[in-house]
Amino acid sequence: MKVRDASRPDAEAVASIYNHYIANSVITFEVDPVSDEEMALRIAEVQTSSYPWLVAELDGVVAGYAYATQWTQRFAYRFSAEVTIYLASEFGGRGIGSALYGELISQLRTKGM
């Protein structure tokens with residue numbers, strides 16, 4: 001398994017993972033599928049704001065992703081972040097989520113979070 005920064009070509013796989021949760025749960029608070037292009041914009045927006053968006057690859061397949069965003073605009077929360085993780089349904093129970101969170105938290109700590 002490899003955990004790395006997300007890139008534009010990952011948007012299709014990330015959207016597919018996310019859209020599974022839109023269709024099969026209520027956890028996303030979204031009702032319409034997200035296009036690959038919309039997901040690419042979301043990834044770029046997070047990375048442009050200096051927060052990490054990571055993907056986990058297993059045998060060349062994006063198995064999950066995790067990212068962080070600013071928790072709130074208030075100054076007192078400048079060292080806080082909201083973190084999110086999604087795994088492809090077929091990759092649960094393999095330690096991928098732990099690996100993603102481990103790297104995400106490591107990167108956030110480097111930034112003083």
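Reader: In which helix is the place of N19?

Author: The model discussed here is a predicted one. Within it, the place of N19 is in helix α1.

Reader: Is N19 buried or exposed?

Author: A residue counts as buried when its relative accessible area is under 20%. The relative accessible area of N19 is 18%. Because this value falls under that cut-off, N19 is classed as buried.

Reader: Which residues does N19 touch, not counting residues up to four places away in sequence?

Author: N19 is one of the buried residues of α1, a group that also includes V14, Y18 and I22. Once residues up to four places away in sequence are set aside, the residues that N19 touches are P33 and V34.

Reader: Against which elements do the buried residues of α1 pack?

Author: Helix α1 covers residues 11-24 and reaches 20 Å from its first C-alpha to its last, close to the 20 Å expected. Its buried residues are A11, V14, A15, I17, Y18, N19, Y21 and I22. The elements they pack against are α2 (36-48), β2, β3 and β4.

Reader: Which element gives the largest share of the largest nonpolar core?

Author: The largest nonpolar core has 33 residues, and those with the most contacts inside it are M39, W53, Y65 and I96. Two or more residues of this core come from each of α1, α2, β2, β3, β4 and α3. The largest share, 7 residues, is given by α1.

Reader: With which residues is W53 in contact, leaving aside its neighbours within four places in sequence?

Author: W53 is among the residues with the most contacts inside the largest nonpolar core, together with M39, Y65 and I96. Two of these, M39 and Y65, also appear among the contacts of W53 itself. Leaving aside neighbours within four places in sequence, the full list for W53 is R4, D5, A6, V14, M39, R42, I43, V46, Q47, Y65, A66 and Y67.

Reader: Over how wide an arc around the axis are the buried residues of α3 spread?

Author: Helix α3 runs over residues 96-110 and has 15 residues, reaching 21 Å from its first C-alpha to its last. Its buried residues are I96, G97, L100, L104 and L108. They lie on the same side of α3, because the arc they cover around the axis is only 95°.

Reader: Why can residues three or four places apart in an α-helix point the same way?

Author: The spacing follows from the geometry of the helix, so residues three or four places apart point the same way because an α-helix has 3.6 residues a turn.

Reader: Which exposed residues does the face of α3 turned away from its buried side carry?

Author: The buried side of α3 holds I96, G97, L100, L104 and L108. What covers these buried residues includes β1 (2-5), β2 (53-58), β3 (61-70) and β4 (81-87). The face turned away carries the exposed residues S98, R109 and T110.

Reader: What separation is found between the C-alpha atoms of G112 and S80?

Author: G112 is placed in the segment after α3, where it takes a positive phi of about 85°. It counts as partly exposed, at 39% relative accessibility. G112 and S80 are 32 residues apart along the chain, and their C-alpha atoms are separated by 9.1 Å.

Reader: What is the phi of F29, which is not a glycine?

Author: F29 lies in the loop between α1 and α2. At 77% relative accessibility, F29 counts as exposed. Although F29 is not a glycine, its phi is positive, at about 65°.

Reader: What is the phi of D59, which is not a glycine?

Author: The place of D59 is in the loop between β2 and β3. D59 is exposed, with a relative accessible area of 77%. Its phi is positive although D59 is not a glycine, with a value of about 55°.

Reader: What pattern does the chain follow, read along the sequence?

Author: The secondary structure comes to 3 helices and 4 strands. Read along the sequence, these elements give the pattern β-α-α-β-β-β-α.

Reader: What is the radius of gyration of the chain?

Author: The C-alpha trace spans about 40 × 30 × 25 Å along its principal axes. For 113 residues, a compact globule would have a radius of gyration near 13 Å. The chain agrees with that expectation, its radius of gyration being 14 Å.

Definitions and conventions: Residues are numbered from 1 along each chain as its sequence is written. This is a predicted model: local features need pLDDT of at least 70, side-chain atom pairs count only at pLDDT 80 or more; totals for chains, interfaces and linings use all residues. Side-chain values use heavy atoms; hydrogens and water are left out. The expected span of a helix is 1.5 Å times one less than its number of residues. Buried means under 20% relative accessible area, exposed over 50%, partly exposed in between (1.4 Å probe, protein chains only). The arc is that of the directions from the helix axis to the C-beta atoms. Contact means heavy atoms within 4.5 Å. The radius of gyration is taken over C-alpha atoms; the globule rule is 2.2 Å times the number of residues to the power 0.38. A nonpolar core is a set of buried Ala, Val, Leu, Ile, Met, Phe, Trp, Tyr and Cys residues joined through side-chain atoms within 4.5 Å.
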